[in-house]
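This report covers the core, the contacts and the backbone of one model. Have the sequence and the coordinates open while reading.

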Amino acid sequence: MLAADSAASVIALIAVFVIFTLLNPRFLTSLNINGVVVSTSISTITGLGMTLIIAMRALDLSVGSIMGFSAIVAAQLLAAGLPLWLVIVLGLLIGAGLGLGNGLLIVLLGLPSFVATLASLSMILGGELLITHGETVTIHNAEFARLVIGNVLGYIPAAVLIALVVFAIIWTIFYRVPFGRHVAAIGGDIRAAIGAGINVSRVTLGAFTLIGLCAGLSGLMTGAELQNADSTIGAGSELTAIAVVVIGGTSLMGGRGNLFGTVCAAILLASIKAGLNIANVSSLYEDLVFGSILIIALMVDGLRRGTRRKGMLVV
Amino acid sequence: MAGLVNDVDKPAGDASPAAMRATGMRKQFDGVEVLHGVDLELRAGEVHALLGENGAGKSTIINLLSGRLRPDNGHIELLGQPVSFRNPMSARRAGVSVIAQELEVVPTLTIVENIFLGAEPTSYGLIRWVEARRQVIAVLQELGVATDLNRIVGTMSVADQQLVEIAKAIVGRFRVLIMDEPTSALNLAETERLFKIVRRLRADGVAVLYVSHRLWEVFDLADRVTVLRDGTRIMTDEVARTDLDTVIGAMLGSKSSLAPHAHLPRPAVPAAMTQGPPALQLEAVSCADVLRDICLSVCPGEVVGLAGVLGSGRTELTEAIYGLRNIDAGTVWLNGVVAATSEPKQALCHSVFLLPEDRKLEGIFGHLDVRENVILGYDPAHNPETPPRERGLRPISFAAERTAFDQMRAALGIRCSGPGDRITSLSGGNQQKALFARAALAHPRVLLLSEPTRGVDVGAKEEIYAAIEGFAARGIAILVSSSELSELLRLASRIYVLRAGRLVAEVATAGASEGDILKLMAG
């Protein structure tokens, strides 16, 4: 089941690797040099959280702002002299707390997730500007950077290991813990989920807290990599996250999630970006290419569900 | 009969003790009481059938017993202990399992995930899928579902999904099983397998409450039967000590003893109209596994009824004629020509119009006002003698629309404060009249009506009947599908009876009684 659902993204990934390597043998080595591996790991982590949200037939537009907020707070706490481990814990808690806040907006006010997280995106971004007065906070902490970009076992960046651990945890939660199946059930048919005795409010809070935690982690990793933090961290990440989920084969109609596909799609997008770069294609074309890939992915999803025949693609 | 009701009050310690006992159940909705203090006792190891016409209160009492609704009054005992269910889950935990009438499976999850949804076996927080599979294999074999447990439920047939729904209810431990129309989507073989399971559960001491419109199932399976009418319990008796006529009599009450509706004056069909070809004629029409070899005809100016229980194919037949369902075999003649209606658009070209069963979902446009709902699709240039054309981009004058709306409002007596009223602010009856107005503006020659008075209050019903008779008087052929037999007897000159997708009888309403038709429907 897992293999069949992910076949398309795996094949696309292999094709991209082969094509770019043929075009330029330096393609594979260039991935690491340019920090592509680290940024891919970071976008994978938010994408994994987003997979659960989309499987629940919801959306979270605030992940980018949560990334920025946790990075900024962490930078300021480090500057204030708090120990690194405590800063990391607090940064993660802030992410989880903001996610929980999104969940509460949705559950208590009955807002659609799209609207609730659009509002919180704006508010969190406003909070960032108030804290920083629009300025960049620098981080001088080599140990913090090493936790993310330091090489493990010779040449694997630590970020990859972090992403692998997150994948293992979320995979277990999604497929092996009742909570994960309840997330999918709510996305598949909320009426049947309620009929089966599932507490929809509690599952919603849990899922949004989890993606908040993922976004908080991504933010900390970005801050550690860049050694500074400002409100541009995470900008646009929500769209990248949604794109990798959809390209990875998870339907926007909810009910199912393809975590492995999400990982493949995150790597796919990053390699296309690196490949275009090394093939001397102007980075101005990147967004054009990504948009086209997203449209193809949505068409494939529509064909698979058979909605194209009726001439409508309800999202 | 009155003496038999006292059976329920036998003291505890009887040979078969009460597994579940509900006493004095009352429930009202919007100030209208629908259940007037009903008592019901389910004994361990019995199949107890619950019967009654639509609206008798069967669903309400099932919802009270399964925790979907809370009673306004009365109490429920489970194995002698008073219980109060907060939600379906607490009822399930206490040992009350329900097979709902509507499918409640998640289409995107697998069979085994659906069966254990909300009650997954876990250890250390992780789901024990191996254990779950082990438990479910035997149940699925018994039900005859031979398929991969990892199959996504949404890819299975409706009957198989229904079997998964049943498996969901009978996996694990429970003392009471409530089955609400469990066989409506099943074929004969599947029904037989289900009966075998029910008999096995009965032997294991489970109390089964069985709700079905198919009376033969009840006499085949049940030990005792309770009949509800208008929210009151009419009888409870052992099946062996009663018969079909008694049960039908209890369901219908005084209505069954009344002389059939022969005394009502019925407008005769003008002879001139019946001489031409029938406006609607079906020859051996079959449709997937829901309709088989249907032959019927409706003449211009004639009102013909369509009767059948839930799942008999009544709704599907009107949908097939209107092009909402593919017809696999057979011929549809409309106004004397063979018609291929694979889309409603084509049916409209043959001047066929359908008023759908679910008015809110398929009929009205809730966000539009009354005028817009009525004139939707209206073409003032349309000559009633010819089929309608695509209106395309040709503009229509507001004045023409307004005139048409005002005419219809007066003719059908649509009560609203003005044409700009939101359609949803109108009563059900007036919404339905607006749909009749839309139909009238399309100049139909064949009008298909599905449950024309559902959710309509008594006063507006008569007005809608008058409207239907008005349509017929203008020479329109009308096919009415309804779950209310009294309505069909009131309106139609003939009634076709459907059972399990087949036409089993054609009854002339003059001289027919509700009981006769009910027997034909039940088989």
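Which residues have the most contacts inside the largest nonpolar core? They are A:Ala185, A:Ile211, B:Met20, B:Tyr210, B:Leu448 and B:Ile478, and the core has 232 residues. A nonpolar core here is a set of buried Ala, Val, Leu, Ile, Met, Phe, Trp, Tyr and Cys residues joined through C-beta atoms within 7 Å. A residue is buried if 20 or more other C-beta atoms lie within 10 Å of its own, exposed if 12 or fewer, and partly exposed in between, with C-beta atoms placed from the backbone.

The model is predicted: local features need pLDDT of at least 70 and side-chain atom pairs count only at pLDDT 80 or more, while totals for chains, interfaces and linings use all residues. Residues are numbered from 1 along each chain as its sequence is written, and chains are lettered from A and ligands numbered from 1 in the order in which they are written.

**Core.** With 13 residues, helix H11 (residues 200-226) of chain A gives the most to the 232-residue core. Helices (H or I, at least four residues) and strands (E, at least two) are DSSP runs, numbered from the N terminus. Domain 1 (1-95 + 207-257) and domain 2 (261-366 + 444-522) of chain B both contribute residues, so the core lies between them. These bounds come from an automatic or database domain assignment. Leaving out residues up to four places away in sequence, A:Ile211 touches A:Gly49, A:Met50, A:Leu52, A:Ile53, A:Asp60, A:Val63 and A:Gly99. Contact means that two C-beta atoms, placed from the backbone, lie within 7 Å.

**Contact surfaces.** The contact between the chains takes 17 residues from chain A and 20 residues from chain B. On the chain A side, helix H9 (178-188) and helix H10 (190-195) are the elements that give two or more residues, and H9(A) gives the most, with 5 residues. Within chain B, 10 residues of domain 1 are in contact with 10 residues of domain 2. Helix H8 (215-221), helix H9 (244-252) and helix H10 (254-257) of chain B each supply at least two residues of the domain 1 side; the largest share, 3 residues, comes from H9(B). In the table, Ala, Val, Leu, Ile, Met, Phe, Trp, Tyr, Cys and Pro count as nonpolar, Asp, Glu, Lys and Arg as charged, and the others, Gly among them, as polar.

| Side | Nonpolar | Polar | Charged |
|---|---|---|---|
| Chain A, touching chain B | 9 residues | 4 residues | 4 residues |
| Domain 1 of chain B, touching domain 2 of chain B | 5 residues | 3 residues | 2 residues |

**Backbone.** In helix H4 (residues 63-79) of chain A, 14 of the 17 residues are buried. A:Gly81, which follows H4(A), has a positive phi near 95°. Two residues other than glycine also deserve a look. Phi of A:Gln227 is near 60°; this residue sits in the loop between H11 and strand S4 (228-229) of chain A and counts as partly exposed because it has 15 C-beta neighbours inside 10 Å. Phi of B:Ser351 is near 60°, and B:Ser351 is found in the loop between helix H13 (344-349) and strand S18 (352-355) of chain B. With 22 other C-beta atoms within 10 Å, B:Ser351 is buried.

**Chain A overall.** Chain A has 14 helices and 4 strands. Buried residues make up 49% of its 315 residues. Its C-alpha atoms fill a box of roughly 55 × 50 × 35 Å along the principal axes.
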